[in-house]
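The following exercises practise the reading of empty space and charged contacts in a protein model. Each task is followed by a solution in steps.

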Amino acid sequence: MQESEFKYFKEILESRKVQIMKNISGFNDELDQLNSLELNDEADHASVGNSSMVESAIVRQQEQELREINVTLGKISTRDYGICEMCEEPIGFQRLKVKPHAIYCIDCREIVEKSR
């Protein structure tokens, strides 16, 4: 991978990292607001509980993506970025454009997903 490609993906990942951190902060603020509401009946409790569950799931997914991005940024700094963790072949440029924090090539990703 060329230096310009490392830089390109690093910028994308850092931008996404900032966005995720803003999202998580916003979700946490919303959860705090929901928890501080005075709820009058069971429907209010159910509605808030439902919203809390959905937002918590989104936060967990975003936190997982953030961890993956941090690992990927480390790989960029050591120039190990873009190599499949399973077969150790280069991950396709188009795949990295779609998912810059991918750790598997397309073929290995399918194998991993089928084994889950």
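A cavity is a set of grid points where a 1.4 Å probe fits but cannot get out. The model used here is predicted.

**Exercise 1. The enclosed space**

Determine how much space lies in the largest cavity, and which residues line it.

Solution.
Step 1. The count comes to 1 cavity of 30 Å³ or more.
Step 2. The largest cavity holds about 40 Å³ of space.
Step 3. Its lining is made of T72, K75, Y81, G82, I83, I91, H101, A102 and I103.
Step 4. Sorted by class, this lining of the largest cavity has 5 nonpolar, 3 polar and 1 charged residues.

**Exercise 2. The open space**

State the volume of the largest pocket and describe its lining.

Solution.
Step 1. A pocket, in contrast to a cavity, is an open set of points. The volume of the largest pocket is about 230 Å³.
Step 2. The residues that line the largest pocket are E68, R95, K99, H101, A102, I103, Y104, R109, V112, E113 and R116.
Step 3. By class, 6 of these lining residues are charged, 4 are nonpolar and 1 is polar.
Step 4. Helix α4, spanning residues 106–115, gives the most to the lining of the largest pocket, namely 3 residues.

**Exercise 3. The annotated region**

Identify the residues covered by the UniProt domain annotation, and give the helix and strand content there.

Solution.
Step 1. The unreviewed UniProt entry carries the annotation "domain: Zinc finger DksA/TraR C4-type" for residues 79–114.
Step 2. Over residues 79–114 the chain is 42% helix and 0% strand.
Step 3. The C-alpha atoms at the two ends of this stretch are 29 Å apart.

**Exercise 4. The start of the chain**

Establish where M1 lies and which residues it touches.

Solution.
Step 1. M1 belongs to the segment before α1, a helix of residues 3–35.
Step 2. The relative accessible area of M1 is 44%, so M1 is partly exposed.
Step 3. Leaving aside residues up to four places away in sequence, M1 touches F6, F9, Y81, G82 and L96.
Step 4. M1 and F93 are 92 residues apart along the chain, yet their C-alpha atoms are separated by 9.3 Å.

**Exercise 5. Salt bridges**

The structure holds 4 salt bridges. For three examples, E3 with R79, E65 with R16, and E85 with K75, explain which parts of the chain are tied together and whether each residue is buried or exposed.

Solution.
Step 1. The side chains of E3 and R79 meet at 2.5 Å, N to O. Because E3 lies in helix α1 and R79 in the loop between α2 (42–78) and α3 (93–98), the pair ties together parts that are 76 residues apart in sequence. E3 is exposed, at 51% relative accessible area, whereas R79 is partly exposed, at 38%.
Step 2. In the salt bridge of E65 with R16, the closest N and O atoms are 2.8 Å apart. E65 lies in helix α2 and R16 in helix α1, so this pair ties together parts that are 49 residues apart in sequence. E65 is buried, with a value of 10%, and R16 is partly exposed, with 30%.
Step 3. For E85 and K75 the N to O distance is 2.2 Å. Here the loop between α2 and α3 holds E85 and helix α2 holds K75, so parts that are 10 residues apart in sequence are tied together. E85 is partly exposed, at 42%. K75 has a relative accessible area of 17% and is therefore buried, since buried means under 20%.

Methods
Residues numbered from 1 in each chain as written. Predicted model: local features only at pLDDT ≥ 70, side-chain atom pairs only at ≥ 80, totals over all residues. Heavy atoms only, no water. 1 Å grid on protein atoms, 1.4 Å probe; cavity = no way out; pocket = protein on both sides within 12 Å on 5 of 7 lines; lining within 4 Å. Points joined across faces, edges and corners; volume = space filled by probe spheres on them. Helix = DSSP H or I, 4+ residues; strand = E, 2+ residues; numbered from the N terminus. Nonpolar A, V, L, I, M, F, W, Y, C, P; charged D, E, K, R; others polar. UniProt positions renumbered as here; feature names shortened; annotations may be inferred. Buried < 20%, exposed > 50% of the residue type's maximum accessible area, 1.4 Å probe, protein only. Contact = heavy atoms within 4.5 Å.
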